[in-house]
Every structure is written in structure tokens, then in C-alpha cells.
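Trainee: Got a minute to walk me through this one? I have no idea where to start.

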Amino acid sequence: MLTRAILVQDLAQARAAATAASDLGVALTLISAPGGAAYLGPGWARALAQAVAHDYPQVALTLILDCGDRPGLVLAALRLGLRDLRFTGRKKAADKLAEIAMAQGARLITGKLRTLDLAREADPAAACRAWLAGP
């Protein structure tokens, strides 16, 4: 189960998180802002994950695209090959989307995640190191 994720808005924040993960030798979970799929798009998430994976191949990376309560965004993300999606809509829709995701080797996350929001941090690099090194 995912216990911690770093909420990123852009590539610079993702790189700060990846640098900290690399320095500490730990896996990294990034997540888009709540409902980020609606205004950033699944293509943004895929490009961000590809850029980080290319620049930090030594870091085990998981990128979660938050699709809010919009099932169509989950389906669009699955079509682009994204494998970790968050959905906050109704349980009936979540159950069906989870089935679809599982059939494609993906997973749907519906619970709460502990997140570090880098937009709120004066020193994102230091915040990432502390977050990733913490208990």
C-alpha cells in the first residue's frame, strides 16, 4: 500500500523529488494535484513520468494521475497506458473502473494518500529529502 506521495505541479518539482529519492536510494511516488487529469491531461502525466524515468533511471518511480470524480478521465488515462490512477467518484463507478484497470494491468486508487505538496514548500529539495527519509 502506498503511504506517501509527493504532489507535483511541474517537471522541476518532479526532478527535485527524484533527486532526493536517488540520493536516499528509495522508491518515489509522485501524484498530480487533485483532479489534475482534468486540466493537465493524461498526456502530461505520461510525458512527466517518461522525463523523470529517463533522467533518473535508478529511481523506482510510480506516477499517480488524480482523475477526480471523472470516470472518462480514468478511461482516457488507461488508453494512454498509465497504470496508477486515483478516482474519488462514486463507489459503483469506482468498482467498475477498478475492474477495467485490473484487466489492463493497472490499478485504481480510491483511498486517501499522505502527500507532500511541493507548492507549499519554500525549499522543495529539502522537503523531499525529509519526507522520503521520514518514518
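Mentor: Let's go through the core, one tryptophan, one serine and the cysteines. Keep in mind that this is a predicted model.

Trainee: Okay, which residues touch the most other members of the largest nonpolar core?

Mentor: That core has 37 residues, and I6, L28, L30, L65, V74 and L85 touch the most other members. Several elements supply at least two residues each, among them α1 (11-24), β2, α3 (42-55) and β3 (61-66). The most comes from α1, with five residues.

Trainee: Is there a general reason for that sort of thing?

Mentor: In soluble globular proteins, nonpolar side chains tend to be buried together.

Trainee: And which residues does a separate, second core include?

Mentor: That one has seven residues, including A5, L7, I31 and I109.

Trainee: Back to I6. What does I6 touch?

Mentor: Skipping residues up to four places away in sequence, I6 touches A17, L28, T29, L30, I31, L116, L118, C128, W131 and L132.

Trainee: W131 caught my eye there. Where is W131, and is it buried or exposed?

Mentor: W131 is in helix α6. W131 counts as buried because its relative accessible area is 17%, and the cut-off for buried is under 20%.

Trainee: What sits over the ring of W131?

Mentor: The charged end of R4 does, 4.5 Å from the ring's centre. R4 is also among the contacts of W131 beyond four places in sequence, along with A5, I6, R114, T115 and L116.

Trainee: How many aromatic pairs are there in the whole structure?

Mentor: A search of the whole structure turns up zero.

Trainee: New topic: where is S32?

Mentor: S32 is in the loop between β2 (28-31) and α2 (36-39).

Trainee: Buried or exposed, that S32?

Mentor: S32 is buried, since its relative accessible area is 2%. Leaving out neighbours within four places in sequence, S32 is in contact with L7, V8, L40, W44, I64, L65 and D66.

Trainee: What lies 2.9 Å from a polar atom of the side chain of S32?

Mentor: The backbone nitrogen of D66.

Trainee: Last one, the cysteines. How many disulfides?

Mentor: The count comes to zero. For background, a disulfide is a covalent bond between the sulfur atoms of two cysteines.

Trainee: And C67 and C128, buried or exposed?

Mentor: C67 is buried, at 1% relative accessibility. C128 is buried too, with a relative accessible area of 0%.

Definitions and conventions:
Residues are numbered from 1 along each chain as its sequence is written. This is a predicted model: local features need pLDDT of at least 70, side-chain atom pairs count only at pLDDT 80 or more; totals for chains, interfaces and linings use all residues. Side-chain values use heavy atoms; hydrogens and water are left out. Rings of Phe, Tyr and Trp (its six-membered ring) pair if their centres lie within 6.5 Å; planes under 30 degrees apart count as stacked, over 60 as edge-to-face and the rest as tilted. A charge sits over a ring if NZ of Lys or CZ of Arg is within 6 Å of the ring centre and within 35 degrees of the ring normal. Helices (H or I, at least four residues) and strands (E, at least two) are DSSP runs, numbered from the N terminus. Buried means under 20% relative accessible area, exposed over 50%, partly exposed in between (1.4 Å probe, protein chains only). A polar contact is a pair of N or O atoms within 3.5 Å; within protein, one must be able to donate a hydrogen and the other to accept it, and residues adjacent in sequence count only if both atoms are side-chain atoms. Contact means heavy atoms within 4.5 Å. A nonpolar core is a set of buried Ala, Val, Leu, Ile, Met, Phe, Trp, Tyr and Cys residues joined through side-chain atoms within 4.5 Å. A disulfide is a pair of cysteine sulfur atoms within 2.5 Å.
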